[in-house]
Amino acid sequence: MTQTPTGLPFVSAEEVRERIGPKRAFELIERALLDGFDPSQDPARSHAGAGDGHLLLMPSTLGDWVGVKVASVSPDNPARDLPRIQAVYLLMDARTLTPRLMVDGVTLTSLRTPATSAVAADRLAAPEASRLVVFGSGPQAVEHVVAVAGIRELTSVRMVGRTPHRVDAAISELAGRGITAETGTVADVAEADIVVCATSTKDPLFDGSLVRDGACVVAIGSHQADRRELDAALMGRSLVVVEESDAALRECGDVVIAIDEGTLTKADLVGIAPLVRGEVTRRTDRPNVFKGSGMSWEDLAVAVGVAPTL
């Protein structure tokens with residue numbers, strides 16, 4: 001652990017991963033919900049224009065801790081050979097609001113997003129699910145494969161992407177982490193037990209009629225109301241689980257557009273908290289969809305795993 005110029009400890013990306021792997025992140029997200037945390041109490045993510053992009057501000061309170069993630073999104077950064085999204089996390093104790101720790105925010109995001117998906121998928125996928133199809137080839141696609149491999153014994157992992165060399169790179173990275181994957185196609189959805197969508201697309205990735213009843217679909221690629229990875233027909237015939245309904249109506253295009261097109265209603269939405277607590281169970285007579293956009297409490301739940309003892 002290093003220190004900032006003000007003396008506040010800073011936990012680097014490497015240190016975060018040393019302390020919290022995918023399994024621990026899963027446990028931290030699950031425990032927050034089992035302990036009774038209500039995601040509807042989380043403040044809404046706020047957006048602010050800044051420079052050539054915008055900032056995302058994500059505060060939360062969880063037990064003894066308060067935290068806020070400040071993420072910057074600069075669309076032109078890839079052309080500068082810089083990350084499109086950068087972030088830092090500030091952790092404070094809830095009693096005095098004294099800053100205690102700064103944490104690499106990108107690493108927190110790379111851990112908490114797949115961990116939340118895995119917590120949902122562990123309840124929504126069949127116990128014997130073994131065939132995974134992933135749309136996307138970036139870090140979240142890779143981390144979601146790792147997270148799903150932690151909850152199910154996978155016999156087939158297929159990666160679907162628009163850029164062959166990036167798909168190859170993702171497959172190579174997974175091989176280095178002990179997971180065998182291969183290039184897939186949209187047609188593989190028809191045989192998949194679990195489908196993960198982790199892309200930046202604004203339009204549906206596949207015909208939702210390909211998804212079998214009882215299969216689990218996870219979509220986490222955007223947090224914008226005008227973008228979606230899943231079509232309205234799939235949303236309308238599925239059990240749809242979201243992190244929290246109001247957040248989904250603000251930020252989840254898959255939900256918002258399906259409601260606008262008349263295949264889904266707000267009353268159809270199920271929160272992840274009742275799912276985790278066993279108040280709702282997966283369906284075998286229809287697909288099971290988890291649509292996540294990322295919420296502030298998830299970052300805090302994982303950040304607490306690197307926090308000092310109060």
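Me: How do the residues of the lining of the largest pocket divide into nonpolar, polar and charged?

Reply: This is a predicted model: local features need pLDDT of at least 70, side-chain atom pairs count only at pLDDT 80 or more, and totals for chains, interfaces and linings use all residues. A pocket is an open set of points on a 1 Å grid over the protein atoms alone, where a 1.4 Å probe fits, with protein on both sides within 12 Å along at least five of seven lines; lining residues have an atom within 4 Å of a point. Ala, Val, Leu, Ile, Met, Phe, Trp, Tyr, Cys and Pro count as nonpolar, Asp, Glu, Lys and Arg as charged, and the others, Gly among them, as polar. The split is 18 nonpolar, 21 polar and nine charged.

Me: How much space lies in the largest pocket? Which lining residues are the closest to its centre?

Reply: A volume is the space filled by probe spheres set on the grid points, which are joined across faces, edges and corners. For the largest pocket, that space is about 1,800 Å³. Of its 48 lining residues, the closest to the centre are Arg84, Ile85, Pro139, Gln140 and Ser200.

Me: Which element gives the largest share of that lining?

Reply: Helices (H or I, at least four residues) and strands (E, at least two) are DSSP runs, numbered from the N terminus. The largest share of the largest pocket's lining is five residues, and its source is α3.

Me: Is threonine 107 buried or exposed?

Reply: Threonine 107 sits in helix α3, residues 105-124. Buried means under 20% relative accessible area and exposed over 50%, with partly exposed in between (1.4 Å probe, protein chains only). Threonine 107 has 5% relative accessibility, so it counts as buried.

Me: Which side chain does threonine 107 join through a polar contact?

Reply: Residues are numbered from 1 along each chain as its sequence is written, and side-chain values use heavy atoms, with hydrogens and water left out. A polar contact is a pair of N or O atoms within 3.5 Å; within protein, one must be able to donate a hydrogen and the other to accept it, and residues adjacent in sequence count only if both atoms are side-chain atoms. At 2.4 Å, the partner is aspartate 104.

Me: Why does valine 145 count as buried?

Reply: Valine 145 lies in helix α4, residues 139-149. Valine 145 counts as buried because its relative accessibility is 0%.

Me: Which residues is valine 145 in contact with, leaving aside its neighbours within four places in sequence?

Reply: Contact means heavy atoms within 4.5 Å. With those neighbours left aside, valine 145 touches Leu132, Val134, Leu154, Val157, Met159, Leu174 and Ile179.
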